[in-house]
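Hi everyone, thanks for making the time today. Let me put the model up on the screen, and then we can walk through it together.

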Amino acid sequence: MRAPLQHIETSGELPRSADAVVIGGGIVGVFTAYYLARRGMKVALVEKGRIGAEQSSRNWGWCRQQNRDARELPMATRSLDLWDSFATETGEDTGFRRCGLLYLSNDEAELAGWARWRDFAKTAGVTTHMLDSTGASERGRATGRTWKGGVFSPSDGTADPSRAAPSVARAILKLGGTLHQSCAARGIETEGGRLSGVVTEGGTIRTKLAILAGGAWASSFCRQFGFRFPQASIRSSILSVSPGAEGLPDALHTARISATRRSDGGYTLAISGRGRVDVTPQQLRFSSQFLPMFLKRWRSLAPGGLQGMRSGHETLQRWRLDRPTPMERMRILDPAPNRATIRLTHARALELLPDLAKTRISAAWAGYIDSTPDGVPAIGEIDSVPGFFLAAGFSGHGFGIGPGAGHLVADLVTGSEPIVDPKSYDPRRFDASVWGKVADF
């Protein structure tokens with residue numbers, strides 16, 4: 001039972017040229033194309049499978065500032081405003097609501113960490129409320145438990161992963177952009193050292209600007225033209241339950257389970273940070289760079305299987321542009337969820353939130369969360385190919401900060417004043433060591 005996703009129609013014939021080509025129809029790709037189209041550019045978005053079908057529809061739907069790394073907090077803050085304004089600008093419904101996010105804990109060290117983040121957030125103008133035992137237990141009354149404390153971030157919220165990317169895609173069409181699903185980008189062409197075209201399975205689009213928002217596929221794509229982008233993916237398993245539970249928080253996080261209300265009244269349930277490592281050639285290649293992150297998070301990870309090998313998204317293969325690529329053999333990354341994790345997640349949820357006994361499991365799925373060695377996305381122009389921009393490695397945060405990331409890419413592409421300082425996201429930082437700089441999230 002796959003993650004639910006709205007369908008959107010594909011545009012007609014592939015254009016022979018465009019002002020900009022966006023590769024990848026996830027949340028970052030569609031927002032990038034949207035903000036470029038709003039600036040009057042002729043934009044073509046190519047997607048090997050369906051709009052939003054990979055991690056953009058397989059996440060929790062959280063749009064948060066709470067507990068963001070300092071490098072991402074400005075983008076998270078701006079993204080919340082952009083989620084709001086998008087609905088006003090377009091009339092499209094992404095399901096975004098500033099419902100607030102609730103964190104509960106009985107661990108003194110965890111509470112102290114949240115308090116330190118609260119103090120930092122004040123310096124950035126972000127409001128978050130520490131809850132004492134009385135306040136936490138009242139907000140968490142659906143659990144029937146007494147809590148030592150918690151956090152409530154009132155201006156944070158959620159959007160609907162099943163409709164967000166498709167909604168933005170429809171807005172692109174209204175602005176005159178084109179969307180091409182089941183159309184894999186195989187590579188790029190250059191003239192005089194600069195980008196001159198994007199080669200797809202349906203033909204070549206002549207362009208001087210292209211943006212790779214390819215999610216878990218980005219590193220293997222970059223390898224085709226000699227750019228080294230360290231990236232690795234973790235398989236995360238999630239489930240959803242039907243409507244029926246009442247009185248639950250809209251978005252709740254605890255160390256044992258997290259729950260998010262969906263647009264249909266059901267809930268998405270997950271264990272934060274729990275993932276499986278499916279070994280791939282690419283992971284082995286970049287293993288030394290990811291060692292600090294692994295050492296920091298090893299308690300949350302478990303060995304996986306061979307699904308990553310079979311999927312082909314982290315291959316070291318070099319492919320020809322006139323023949324089918326791994327992306328055409330695997331249109332949508334749809335790994336099998338870990339059944340033990342699904343059972344554990346559901347059992348923990350029923351224990352913590354008894355009213356969920358009125359519901360049934362409606363779907364269970366997995367997705368590949370792509371990460372960089374420091375857990376911060378790579379956004380910027382690739383020096384070796386002027387005109388080619390990278391926006392990938394969002395490390396499980398891409399959905400919430402998708403609007404800000406897309407706006408920033410559009411700023412960089414058009415030479416406008418950046419919506420946030422892009423320095424922290426510069427892909428060139430991986431040329432040096434990022435040891436000791438792993439994000440806290």
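Buried residues make up 59% of the 441 residues in this predicted protein model, where buried means under 20% relative accessible area, exposed over 50% and partly exposed in between, with a 1.4 Å probe and protein chains only. Its accessible surface comes to about 17,400 Å², 51% of that belonging to carbon and sulfur atoms; these areas come from the Shrake-Rupley method with a 1.4 Å probe.

A quick word on conventions. Residues are numbered from 1 along each chain as its sequence is written, and side-chain values use heavy atoms, leaving out hydrogens and water. Local features need pLDDT of at least 70 and side-chain atom pairs count only at pLDDT 80 or more, while totals for chains, interfaces and linings use all residues.

Now the overall picture. The protein has 12 helices and 21 strands, which are DSSP runs numbered from the N terminus: H or I of at least four residues for helices, E of at least two for strands. The radius of gyration is 21 Å, close to the 22 Å from the globule rule for 441 residues, so the protein is as compact as a globular protein of that length. That radius is taken over C-alpha atoms, and the rule is 2.2 Å times the number of residues to the power 0.38. The C-alpha atoms fill a box of roughly 65 × 45 × 40 Å along the principal axes.

Let's turn to one open sheet. Its 6 strands run in the order S8-S2-S1-S12-S21-S20, with mixed pairing; two strands pair if DSSP finds at least two bridges between them. At the edges sit S8 (178–180) and S20 (378–381), each pairing on one side only. Further in, S1 (residues 20–23) and S2 (residues 43–46) pair in the parallel sense over 4 bridges, with Ile 23 opposite Val 46.

My other favourite is S6, residues 149–153. Why call this strand largely enclosed by the rest of the structure? Because 5 of its 5 residues are buried. Both faces are covered, with Gly 149, Val 151 and Ser 153 buried on one side and Gly 150 and Phe 152 on the other. As a reminder, side chains in a regular strand alternate between the two faces of the sheet.

S6 also has antiparallel partners. S4 (residues 101–105) pairs with S6 over 5 bridges, and Leu 102 has Phe 152 as its bridge partner. S5 (residues 129–131) pairs with S6 over 3 bridges, placing Met 130 opposite Val 151.
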